[in-house]
Amino acid sequence: MALSTWLAFFAASWVISFSPGPGAISSMSSGLKYGFKRGYWMAIGLNIGIMIQVFIISLGLGQVLARSELAFTTLKWLGAAYLIYLGWKQLRTDAMPVQVTGQAPSDFRIRDLLLRGCLINITNPKGLVFLLAIMPQFLDVNRPMPLQYLLIALTLCFTDLVAMGCYTSLAARMLHVLRQASHVRLLNRVFGSLFILAGTVLASVSR
């Protein structure tokens, strides 16, 4: 990949990464609940999902998803259902989900955040089709394709880790002002509603 091509993709990656979506919502929710250091594991999980998405496209499975209405619809509804499920769980959280002392809640498990972040991305067919539409514009068919896919994945992961880190940090800063259960309950309602809204929007998209 020529340097000028990579720089163009690098610039595009920042726009892609900072675009509001399920990843941003989940990163902010995680930062709010666990703080930055622990909540950032969600961002890592999201980027594992991105790596899997790029790998799927590199194998040509993305073409199947883009051309098959059944494959796209199935994955779309799975992703929408998962986001709505996350929203429903957050709406039902009444107890204080954060500790202003800096200690994580007892339900904190790294593997759960990694898995949740990964599932949010790989069950989003809109993200796969979007990458499928964007990536070919930056590929040079006369050069080794695996290395180009790897470079694209690493570049996108770098910008996304920075972007999700910003979202996580923004939410984590709110920990210091959450002194009343009613405040946290309100934020749970807000983030739960955003997850459900994201799932509803995902369910309404078409190829």
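User: Why is tyrosine 34 called buried?

Analyst: This is a predicted model, and in it tyrosine 34 has a relative accessible area of 8%. Buried means under 20%, so at 8% tyrosine 34 is counted as buried. The residue sits in helix 2. Its C-alpha is separated by 9.7 Å from that of alanine 171, which is 137 residues apart from tyrosine 34 along the chain.

User: What makes threonine 73 partly exposed?

Analyst: Threonine 73 has a relative accessible area of 23%. Partly exposed runs between the 20% limit for buried and the 50% limit for exposed, so 23% puts threonine 73 in that class. Threonine 73 belongs to helix 5, residues 69-91. Proline 125 is 52 residues apart from it in sequence, yet C-alpha to C-alpha they are 8.4 Å apart.

User: And leucine 151, why does that one count as partly exposed?

Analyst: Its relative accessibility is 31%. With buried under 20% and exposed over 50%, leucine 151 falls in between and therefore counts as partly exposed. You'll find leucine 151 in helix 8. In space it lies 8.7 Å from methionine 1, C-alpha to C-alpha, with the two positions 150 residues apart in sequence numbering.

User: What makes arginine 109 and aspartate 112 a salt bridge?

Analyst: Their side chains meet at 2.7 Å, N to O. A salt bridge needs a side-chain nitrogen of Lys or Arg within 4 Å of a carboxyl oxygen of Asp or Glu, so the 2.7 Å contact qualifies. The structure holds one salt bridge. As for cover, arginine 109 is partly exposed at 38% relative accessibility, and aspartate 112 is partly exposed too, at 27%.

User: How many disulfides does a search of the whole structure find?

Analyst: Zero. A disulfide is a covalent bond between the sulfur atoms of two cysteines. The test asks for a pair of cysteine sulfur atoms within 2.5 Å, and the search of the whole structure turns up no such pair. On the cysteines themselves: cysteine 118 is buried, at 11% relative accessibility, while cysteine 166 is partly exposed, at 40%.

User: What makes leucine 197 part of a nonpolar surface patch?

Analyst: Leucine 197 forms the patch with Leu186, Val190, Leu194 and Val201, and the patch covers about 410 Å². Patch members need over 30% relative accessible area, and leucine 197 has 49%, so it clears that bar. That same 49% makes leucine 197 partly exposed, because exposed would take over 50%. Leucine 197 is in helix 9, residues 181-204.

User: Which element gives the most to the lining of the largest pocket?

Analyst: Helix 9, with six residues. The pocket has a volume of about 780 Å³. Its lining counts 31 residues, and Ser19, Pro20, Gly21, Pro22 and Asn124 lie nearest its centre. Elements giving two or more residues to that lining include helix 1 (3-18), helix 3 (36-58) and helix 6 (110-122).

User: How do you know what pattern the chain follows, read along the sequence?

Analyst: The secondary structure comes to nine helices and zero strands, so the pattern reads α-α-α-α-α-α-α-α-α, with helices numbered from the N terminus.

User: And what percentage of the chain's residues count as buried?

Analyst: The chain has 207 residues, and 43% of them count as buried. Each of those is under 20% relative accessible area, because that is the cut-off for the word.

Methods. Residues are numbered from 1 along each chain as its sequence is written. This is a predicted model: local features need pLDDT of at least 70, side-chain atom pairs count only at pLDDT 80 or more; totals for chains, interfaces and linings use all residues. Side-chain values use heavy atoms; hydrogens and water are left out. Patches are made of residues with over 30% relative accessible area and no salt bridge: like charges are joined within 9 Å, nonpolar side chains (Val, Leu, Ile, Met, Phe, Trp, Tyr) within 5 Å. Accessible areas come from the Shrake-Rupley method with a 1.4 Å probe; for residues, only the protein chains shown count as cover. Helices (H or I, at least four residues) and strands (E, at least two) are DSSP runs, numbered from the N terminus. Buried means under 20% relative accessible area, exposed over 50%, partly exposed in between (1.4 Å probe, protein chains only). On a 1 Å grid over the protein atoms alone, a cavity is a set of points where a 1.4 Å probe fits but cannot get out, and a pocket is an open set with protein on both sides within 12 Å along at least five of seven lines; lining residues have an atom within 4 Å of a point. Grid points are joined across faces, edges and corners, and a volume is the space filled by probe spheres set on the points.
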